[in-house]
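Subject: Structure handover

Hi,

Here is the structure I promised to pass on to you. Please open it alongside this email, and I will go through what turned up.

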Amino acid sequence: MSEPETSAGKGRKAAVRAAMALLVFLALGAFVFLLSPQARYDWAKAIHVIAVISWMAGLLYLPRLFVYHCDAEPGSTQDRTFAVMERRLLKVIMLPAMLVSWIVGLWLAWAAGYFTSGWFIAKLVAVLIMTGAHGYLGRAAKLFAAGRNEKPARHWRIVNEVPTLAMIAAVIFVIVKPF
């Protein structure tokens, strides 16, 4: 029988799987640019939506992890497990999804000439708020990992609403185009 796999070994395997998924995603992106302009734009929209969904999943899940992490005794197995989960969520899912959302989203706006549209500027502000929330959550994950969280679970429940409200606004601005 083989020895149980270490957390570091599992982490390396997860990182390799994430890198492979990112390479497949980038290859798909490169393929898209070989298509006709309309097909390219439609595929880019699909990639953008997939990336935004992935990013939002992380923005909504990470504060929930923090709520439960608040109950873990610093230095305990549970505390270390939460810290690993939070770090992996940030580095393997949220960061790549945010970068793809931004890059493809800006390309879509440029290709369609939306940079001077009022609704696009409003959407951009909502996305900047989501990006700020991402940065705040990333800093919080580092504090949790260092055993230095000073925020109660209630704080993280409230923080969980910020990306939700920004996402709702962004979707309304894009779909309804109120101005």
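A residue counts as buried when its relative accessible area is under 20%. Please keep in mind that this is a predicted model. With the cut-off in hand, Phe 66 is an easy call: its relative accessibility is 0%, so it is buried.

Phe 66 also takes part in an aromatic pair. Nine such pairs come out of a search of the whole structure. In one of them, the ring centres of Phe 66 and Trp 156 are 4.8 Å apart and the planes meet at 65 degrees; planes over 60 degrees apart count as edge-to-face, so this pair is edge-to-face. The two partners come from distant parts of the chain, with Phe 66 in helix 2 and Trp 156 in helix 5 (residues 153-159), 90 residues apart. Trp 156 is buried as well, at a relative accessible area of 1%.

Trp 156 has another ring partner, Phe 144. That pair is tilted, with 6.0 Å from centre to centre and 50 degrees between the planes. Phe 144 belongs to helix 4 and Trp 156 to helix 5, so the pair ties together parts twelve residues apart in sequence. Phe 144 has a relative accessible area of 3% and is therefore buried too. Taken together, ring pairs join Phe 66, Tyr 136, Phe 144 and Trp 156 into a cluster.

There is a contact between a charge and a ring to look at as well: the charged end of Lys 177 sits over the ring of Trp 119, 4.6 Å from the ring centre.

Now for the pocket. The largest pocket holds about 670 Å³ of space. Its lining is made up of 27 residues, and those nearest the centre are His 48, Val 49, Val 52, Lys 123 and Val 174. Two or more lining residues come from each of helix 2 (37-69), helix 3 (77-112), helix 4 (118-145) and helix 6 (161-176). Which element gives the largest share of the lining? That is helix 2, with eight residues. What is the make-up of the lining by class? There are 21 nonpolar residues, along with three polar and three charged ones.

Happy browsing, and do write back with any questions.

Best wishes

Technical notes: Residues are numbered from 1 along each chain as its sequence is written. This is a predicted model: local features need pLDDT of at least 70, side-chain atom pairs count only at pLDDT 80 or more; totals for chains, interfaces and linings use all residues. Side-chain values use heavy atoms; hydrogens and water are left out. On a 1 Å grid over the protein atoms alone, a cavity is a set of points where a 1.4 Å probe fits but cannot get out, and a pocket is an open set with protein on both sides within 12 Å along at least five of seven lines; lining residues have an atom within 4 Å of a point. Grid points are joined across faces, edges and corners, and a volume is the space filled by probe spheres set on the points. Helices (H or I, at least four residues) and strands (E, at least two) are DSSP runs, numbered from the N terminus. Ala, Val, Leu, Ile, Met, Phe, Trp, Tyr, Cys and Pro count as nonpolar, Asp, Glu, Lys and Arg as charged, and the others, Gly among them, as polar. Rings of Phe, Tyr and Trp (its six-membered ring) pair if their centres lie within 6.5 Å; planes under 30 degrees apart count as stacked, over 60 as edge-to-face and the rest as tilted. Buried means under 20% relative accessible area, exposed over 50%, partly exposed in between (1.4 Å probe, protein chains only). A charge sits over a ring if NZ of Lys or CZ of Arg is within 6 Å of the ring centre and within 35 degrees of the ring normal.
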